[in-house]
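Reader: I'd like a close look at one part of this model: the enclosed space inside it and whatever sits around that space. Could you take me through that spot, and then on to the parts beyond it?

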Amino acid sequence: MTTIRDVAKYANVSVATVSRVLNNKGYVSKVAEEAVQQAIAALNYKPNAVARSLYNKKSRMIGLLIPDIANPFFPEVARAIEDVALKAGYTVVLCNTDSELEKERHYLNTLEQKYVDGIIAATGVGSYEHYKGLNVPIVALDRYISEDVTTVMVENKQGARIATEHLVEQGCTYLVHLRGRSGLGTADDRYEGFKETVERYNVKHIIVETGFNIHTAEAEMRKLLSQQPEIDGIFAGSDVTAAGAMKAAHTLKRAIPEDLQIIGFDGIAYGEMLSPSLSTMKQPIYRIGEKAITLLIEQIEKKKVETHHYVFPPVLQLRGTTKRGKSYE
C-alpha cells in the first residue's frame, strides 16, 4: 500500500509538504503542489481516512439518528439528506435507535468518538439531557430538543386540527384518534390538535395510544370497530397507523369511505399504493430533509451559527379514504 512517504519521495518534497497539500493547510508553492498531485495520481495514493480524521478531528461524516427504519417516512427523509450531503462532500451514517434510550446514547457516543462533523437527530426518547454534552453541531428533525438546537419540522398541531375539522365537515360524528407514543413531541402535538378540535365541535371521540405501529393500530381498531360499530371517522397519527386501521376495516367489511373515513399524517409514497389511496396531512418530506442537512452543513462550515426553528405547513391531501370536500393548506 502506497504511503505518504512514498508520495513525498516520488515528488521529491518533504512529508510535511505532502501533508499540507492533502489537508489544504499552510503554504505550498505551485510547483510543489503540482508535483505532489502528479505523484498521488501516478502512485494511486489514497489517504487513510481514519488517520486524517484523528489528525484533523474531522471526518466529512454526518450521523443521522432515526427511531424506526421500518417507518417509510424516515427512509424518504434520509434520501434527501444523503443527496445534499453527498454533493457537499459528506457521507451520511445511518443509526436506527428503535426508540430505545440506551441505543440512542450508544450511537451518540460512538459518533462523537469517530469525529463526525455533525448530527441530525430524528429520534428522541424521554429526556434530551444526553445531547447537551455533545461537542458537535446538531439539527433536530421532526423533534424538538431545546431552544439552543436548530429544529426542522412541520406544524403538527395545526395539521391535526385541519384533518379533524375535515372529518367533522364531511359528516363524521364519532371519531377515533390513533395517537403516537406519549412524551414524543410530534405525537403530543397531533393529539392536542385533535383534542382541541373535537372539544370545540363537541364531537364524540376515543383516543387510543398505538405508537406509530401498524400492527398495534390494526389490533386496536379491530377491537374498537367490533365493539362500537357507530365509529365513522379516524384520524391516525401517521400514515403507517392509518394503514393498520384500513386493514382492520377491510377485515370487518367496513366500507371506506362510505361509512368509515380515514385521514393519516405524513404523506409517504406508500399511502398512494393503498386501496383506496390514503387521504393524509402531507409533509414536504424531501424539503424537510433538504433543509435539515443544509442548516447542519452551514453550522459545520460556520457560514451561519445562529439557531433556527424552521416549521413547514402540512397540506391536506384528499384521496380515496375520505369523501370529497375542501382541501386546506
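Author: What follows starts at the cavity and works outward to the cores, the first helix and a few backbone details.

Keep in mind that this is a predicted model. The count comes to one cavity of 30 Å³ or more, and the largest cavity has a volume of about 70 Å³. Its lining is made up of Asn 71, Phe 73, Phe 74, Asp 142, Arg 143, Thr 186, Arg 190, Phe 212, Ser 238, Asp 266 and Gln 283. Two elements give two or more residues to that lining, namely helix H5 (73–87) and helix H9 (185–201). In character, the lining of the largest cavity splits into three nonpolar, four polar and four charged residues.

Let's stop at Phe 73, one of the lining residues. Phe 73 belongs to helix H5. Is Phe 73 buried or exposed? Phe 73 counts as buried because its relative accessible area is 2%, and the cut-off for buried is under 20%. Leaving aside neighbours within four places in sequence, Phe 73 is in contact with Asp 142, Asp 266, Ile 268, Gln 283 and Ile 285. Asp 142, Asp 266 and Gln 283 also appear in the cavity lining. If you want a long-range pair to click on, try Phe 73 and Pro 313: they are 240 residues apart in sequence and 16 Å apart in space, C-alpha to C-alpha.

Now for an open space. The second largest pocket holds about 270 Å³. It is lined by 14 residues, and Pro 67, Asp 68, Ser 99, Arg 181 and Phe 212 are the ones nearest its centre. Phe 212 is a name you've already met, since it lines the largest cavity too. The pocket lining divides into four nonpolar, six polar and four charged residues.

On to the nonpolar packing. The largest nonpolar core has 43 residues, and those with the most contacts inside it are Ile 120, Leu 141, Leu 175 and Ile 293. Strand S1 (61–66), H5, strand S4 (138–141), strand S5 (150–154), helix H8 (156–169), H9, strand S9 (261–266) and helix H13 (285–300) each give it two or more residues. H13 supplies the largest share of this core, with eight residues. H5 and H9 are worth a second glance here, as both also give two or more residues to the cavity lining.

Which residues does Ile 120 touch, leaving aside its neighbours within four places in sequence? Ile 120 is in contact with Gly 63, Leu 64, Leu 65, Ile 81, Val 139, Leu 141, Ala 292, Ile 293 and Leu 296. Leu 141 and Ile 293 turn up again in that list, and both are among the residues with the most contacts inside the core. There is also a second, separate core of 23 residues, which includes Tyr 174, Leu 178, Ala 236 and Met 246.

Next, go to the first helix. In helix H1 (residues 4–11), Val 7, Ala 8 and Ala 11 are buried. They cover an arc of only 100 degrees around the axis, so they sit on the same side of H1. The buried residues of H1 pack against helix H2 (15–23) and helix H3 (30–43). On the face turned away from that buried side you'll find the exposed residues Arg 5, Lys 9 and Tyr 10.

Right after H1 comes Asn 12, in the loop between H1 and H2. The phi of Asn 12 is near 60 degrees, a positive value in a residue other than glycine. Asn 12 counts as exposed because its relative accessible area is 72%, and the cut-off for exposed is over 50%. Asn 202 is another case of positive phi in a residue other than glycine, here near 55 degrees. Asn 202 is found in the loop between H9 and strand S7 (204–209), and with a relative accessible area of 70% it is exposed.

Last, two cis peptide bonds to check. One joins Ile 256 and Pro 257, with omega about 5 degrees. Pro 257 lies in the loop between helix H11 (239–251) and S9. The other runs from Ser 275 to Pro 276, with omega near -5 degrees. Pro 276 lies in the loop between helix H12 (270–273) and strand S10 (279–282).

Technical notes
Residues numbered from 1 in each chain as written. Predicted model: local features only at pLDDT ≥ 70, side-chain atom pairs only at ≥ 80, totals over all residues. Heavy atoms only, no water. 1 Å grid on protein atoms, 1.4 Å probe; cavity = no way out; pocket = protein on both sides within 12 Å on 5 of 7 lines; lining within 4 Å. Points joined across faces, edges and corners; volume = space filled by probe spheres on them. Helix = DSSP H or I, 4+ residues; strand = E, 2+ residues; numbered from the N terminus. Nonpolar A, V, L, I, M, F, W, Y, C, P; charged D, E, K, R; others polar. Core = buried A, V, L, I, M, F, W, Y, C linked by side-chain atoms within 4.5 Å. Buried < 20%, exposed > 50% of the residue type's maximum accessible area, 1.4 Å probe, protein only. Contact = heavy atoms within 4.5 Å. Arc of directions from axis to C-beta.
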